[in-house]
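Q: I would like to learn how to read a structure of this kind feature by feature. Could we begin with the way its helices pack?

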Amino acid sequence: MPSLRIAFKALGAVCALALLPMGAAAESYPIAGRPITLVVGYPPGGSTDLTARIVADELGSMLKTTIVVENQGGAGGAVAAQRVARAAPDGHTLMVGANNELIINQHINREVKYDGLKDFTPIGLVASQPLVLVATAKSGVRNVQEFVETVQRNPGRFSYGSSGIGTSLHLLGELMKDKAKLDLVHVPYRGVAPLTNDLLGDNIEYGVFVLSSGLPHIRSGKVVAIGISEAKRSAITPEIPALGEHPALKGLDVNTWFMLVAPPGLSQPVAERLRRALDEALRSPKLRQKLEAAGSAVTTTQPPDMAAFMSTESAKFRRMVDIARIKP
């Protein structure tokens with residue numbers, strides 16, 4: 001028996017030694033004097049960029065380091081996502097990504113060389129936003145009922161714009177068309193700015209925005225909010241009805257979420273350090289105020305199984321891609 005106890009003690013010592021580098025890695029992260037790069041897959045000014053910059057300020061404070069936001073646009077966020085998927089897994093390259101680049105792109109573009117379910121280490125959800133369907137003031141449409149009736153009475157006459165083929169904005173439009181049997185022409189734009197210009201110039205009747213992008217124009221009265229895409233009204237904009245309140249669109253529930261991710265292979269201790277720091281940042285009243293002012297609902301509870309969450313989201317958007325008849 002004594003020899004057995006000695007053997008167990010020796011084994012315990014070996015295990016403790018094996019764990020030391022991992023603990024040391026967490027203690028020494030982030031490396032002093034080395035900033036963290038937070039990659040965003042779009043130009044400055046959009047909803048993902050705004051979310052990333054707000055998070056960077058608070059997360060940097062929690063980690064006691066500098067976080068530099070770096071914008072790298074291209075291929076609907078895929079260029080930046082691929083860069084992060086191939087980066088060194090040391091916690092000094094992170095990304096705030098949305099469902100477009102982390103989930104949807106791989107279903108619509110054969111050139112995407114990463115798998116959003118496997119090629120990132122998810123740190124946690126940051127916030128989510130509904131999408132919003134808007135109409136020009138000139139259209140005369142003021143609510144979901146009038147929108148559905150007007151389009152159904154005039155098949156093929158009206159158009160809606162999105163920020164591009166395969167984006168969540170486009171997929172929402174096609175899902176609405178499928179559910180309510182609407183003959184509505186999709187006009188893809190190269191981003192939100194040209195879509196906004198055409199809406200404000202009355203060159204197109206309807207448009208789909210992420211809520212934060214549409215809010216300034218809704219609040220100024222330049223466009224009319226028809227409805228949001230989540231199952232329930234947003235606590236941030238309770239005056240805007242949910243599209244699903246209309247019987248023809250019942251069950252419609254789509255949003256854009258923003259997630260902090262790291263490259264694959266990130267050590268568990270560093271990942272946990274980042275998760276704790278993100279959790280602290282998300283409890284900051286300053287962060288919450290800024291994100292809510294932009295139309296985002298801040299994440300208060302993380303999914304118990306992040307892999308299951310990502311898999312469910314992937315399946316949901318895969319069905320929407322099929323409805324939209326987008327062939328990769």
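A: Let us begin with α4 and α11, which are oblique to each other. This is a predicted model, and that applies to everything that follows. The general idea is that two packed helices are described by the angle between their axes and the distance between the axes. In this case the axes of α4 and α11 come within 9 Å and cross at roughly 50 degrees. Angles under 35 degrees count as roughly parallel and those from 65 to 115 as roughly perpendicular, so the pair α4 and α11 is described as oblique. The hand of the crossing completes the description, and for α4 and α11 the crossing is right-handed.

Q: How do α6 and α11 pack, and at what angle?

A: Helix α11 comprises residues 306–324, and α6 packs with α11 at an angle of about 65 degrees, their axes being 9 Å apart. With 65 to 115 degrees counting as roughly perpendicular, α6 and α11 are therefore placed in that class. As for the hand, α6 passes α11 in a left-handed crossing.

Q: At what angle do α2 and α9 pack, and is their crossing left-handed or right-handed?

A: Helix α9 covers residues 268–282, and α2 packs with α9 at about 120 degrees with the axes 9 Å apart. The roughly perpendicular class ends at 115 degrees and the roughly antiparallel class lies over 145, and therefore α2 and α9 are oblique to each other. Their crossing is right-handed.

Q: How many helices and strands does the protein have, and what does its C-alpha trace span along the principal axes?

A: The protein has eleven helices and ten strands, and its C-alpha trace spans about 90 × 35 × 35 Å along the principal axes. Of its 328 residues, 52% count as buried.

Q: How should I read burial for a single residue, and is Lys316 buried or exposed?

A: The quantity to read is the relative accessible area, and a residue counts as buried when this is under 20%. Lys316, which is found in helix α11, has a relative accessible area of 19% and is therefore buried. Ser168 lies in helix α6 and is buried too, with a relative accessible area of 1%. Gly116, found in the loop between α4 and β4 (121–136), is likewise buried, its relative accessible area being 5%.

Q: How far apart in space are residues that are separated along the chain, for instance the C-alpha atoms of Gly116 and Met310?

A: Here one sets the separation in sequence beside the distance between C-alpha atoms. Gly116 and Met310 are 194 residues apart along the chain, and their C-alpha atoms are separated by 8.2 Å. Lys316 and Leu117 are 199 residues apart in sequence and 14 Å apart in space, C-alpha to C-alpha. For Ser168 and Ala88, which are 80 residues apart along the chain, the C-alpha separation is 30 Å.

Q: What should I look for in the backbone, and which peptide bond is cis?

A: Two things to look for are the omega of each peptide bond and the sign of phi. The peptide bond from Tyr29 to Pro30 is cis, with omega near -5 degrees, and Pro30 lies in the loop between α1 (2–27) and β1 (36–40). As to phi, Lys64 has a value near 55 degrees, which is positive in a residue other than glycine. Lys64 sits in the loop between α2 and β2 (67–71) and is exposed, with a relative accessible area of 75%. Lys181 also has phi near 55 degrees, again a positive value in a residue other than glycine. Its place is in the loop between α6 and β6 (185–188), and Lys181 is exposed at a relative accessible area of 66%.

Q: How is the largest pocket described, and which residues lie nearest its centre?

A: A pocket can be read by its volume, its lining and the character of that lining. The largest pocket has a volume of about 1100 Å³. It is lined by 42 residues, of which Tyr42, Ser163, Thr167, Gly191 and Val192 lie nearest its centre. Among the elements that give two or more residues to this lining are α2 (47–63), α4 (99–108) and α6 (168–180), together with β7 (206–210) and β9 (255–262). In character, the lining residues divide into 17 nonpolar, 23 polar and two charged.

Technical notes. Residues numbered from 1 in each chain as written. Predicted model: local features only at pLDDT ≥ 70, side-chain atom pairs only at ≥ 80, totals over all residues. Heavy atoms only, no water. 1 Å grid on protein atoms, 1.4 Å probe; cavity = no way out; pocket = protein on both sides within 12 Å on 5 of 7 lines; lining within 4 Å. Points joined across faces, edges and corners; volume = space filled by probe spheres on them. Helix = DSSP H or I, 4+ residues; strand = E, 2+ residues; numbered from the N terminus. Nonpolar A, V, L, I, M, F, W, Y, C, P; charged D, E, K, R; others polar. Buried < 20%, exposed > 50% of the residue type's maximum accessible area, 1.4 Å probe, protein only. Axes fitted to C-alpha atoms, helices over the stretch in contact; angles between N-to-C directions. Left-handed = near helix turned anticlockwise from the far one by under 90°.
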